[in-house]
Amino acid sequence: MDKLETEEKIVRTLKTVFDPEIPVNVYDLGLIYNIDLQEDGELILDMTLTAPNCPAADFIMEDVRQKVESVEGVTSATINLVFEPEWDKDMMSEEAKLELGFL
């Protein structure tokens, strides 16, 4: 499997992770800032949260880590929580905006 296929699988997997308070996945919410898959299969992922004090932060990050590490071709995953740039609703996919009534 090539790197592009693995990255596509990572994105599909991220679309199965949800903030328990929002009925939209973390990818479509725009919370995933960077997916960096190294040649050796190490994944470095930068993500944010809708709010810095999100009560489900640990749960969401652990869910992301466990799920992306299960993707074939990923040997390990480092999940970095970042707050720059600050998340806002414009980062959501059109689908997510529609789901949450922003369109």
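A crossing of two helices is left-handed if the near helix is turned anticlockwise from the far one by less than a right angle, and right-handed if clockwise. By that rule, α1 and α2 cross in the right-handed sense. The model is predicted. At its centre of description is an open sheet of 3 strands, with helices α1 and α2 packed on it. The structure also holds 5 salt bridges and a nonpolar core whose largest set has 28 residues.

**Sheet**

- The strands run in the order β1-β2-β3, and their pairing is mixed.
- β1 (32–37) and β3 (76–81) are the edge strands. Each has a single partner strand, so one side of each lacks a neighbour in the sheet.
- From one strand to the next, the twist averages 15°.
- Strands of a sheet pair through backbone hydrogen bonds, either parallel or antiparallel.
- β1 pairs with β2 (residues 42–47) in the antiparallel sense, over 5 bridges.
- Leu37 has Leu43 in β2 as its bridge partner.
- β1 and β2 also make a hairpin, with 4 residues between them. Gly41 sits in the turn and has a positive phi of about 95°.

**Helices on the sheet**

- Helix α1 (residues 3–14) packs on the sheet and touches β1 and β2. The direction of α1 makes about 145° with that of β1.
- Helix α2 (residues 57–69) packs on the sheet as well, touching β2 and β3. The direction of α2 makes about 155° with that of β3.
- The axes of α1 and α2 come within 9 Å. They cross at roughly 140°.
- On the α1 side, Ile10, Thr13 and Leu14 make the contact. On the α2 side, the residues are Val64, Lys67 and Val68.

**Nonpolar core**

- Met47, Ile60 and Val64 touch the most other members of the 28-residue core.
- α1, β1, β2, α2 and β3 each supply at least two residues of this core.
- α2 gives the most, with 5 residues.
- Met47 has contacts in several parts of the sequence, not counting residues up to four places away. Among them are Leu31, Ile32 and Tyr33. Others include Ile60, Met61 and Val64. Ile79, Asn80, Leu81 and Val82 are also touched by Met47.

**Val74**

- Val74 lies in the loop between α2 and β3.
- Val74 has a relative accessible area of 8%; the cut-off for buried is under 20%, so Val74 counts as buried.
- Leaving out residues up to four places away in sequence, Val74 touches Thr6, Ile10, Leu37, Gly41, Leu43, Val68 and Glu69. Among these contacts, Gly41 is the residue with positive phi in the hairpin turn, and Leu37 and Leu43 are bridge partners.
- Val74 and Glu39 are 35 residues apart in sequence. In space they are 9.7 Å apart, C-alpha to C-alpha.

**Salt bridge in the loop between α1 and β1**

- The side chains of Asp28 and Lys15 form a salt bridge, at 3.9 Å from N to O.
- Asp28 and Lys15 both lie in the loop between α1 and β1, 13 residues apart. The pair links distant parts of the chain.
- Asp28 is buried, with a relative accessible area of 10%. Lys15 is partly exposed, at 35%.

**Salt bridges in α2**

- Arg65 and Glu62 meet through their side chains in a salt bridge of 2.5 Å, N to O.
- Both residues lie in helix α2, 3 residues apart, about one turn of the helix.
- Arg65 is partly exposed, with a relative accessible area of 26%. Glu62 is partly exposed too, at 32%.
- Glu62, Arg65 and Glu69 are linked in a network of salt bridges. Glu69 is also one of the residues that Val74 touches.

**Salt bridge in α3**

- Glu94 forms a salt bridge with Lys97, and their closest N and O atoms are 4.0 Å apart.
- Both residues lie in helix α3 (residues 94–99). They are 3 residues apart, about one turn of the helix.
- Lys97 is buried, with a relative accessible area of 14%.

Key: Residues numbered from 1 in each chain as written. Predicted model: local features only at pLDDT ≥ 70, side-chain atom pairs only at ≥ 80, totals over all residues. Heavy atoms only, no water. Pairing = 2+ DSSP bridges. Axes fitted to C-alpha atoms, helices over the stretch in contact; angles between N-to-C directions. Contact = heavy atoms within 4.5 Å. Buried < 20%, exposed > 50% of the residue type's maximum accessible area, 1.4 Å probe, protein only. Core = buried A, V, L, I, M, F, W, Y, C linked by side-chain atoms within 4.5 Å.
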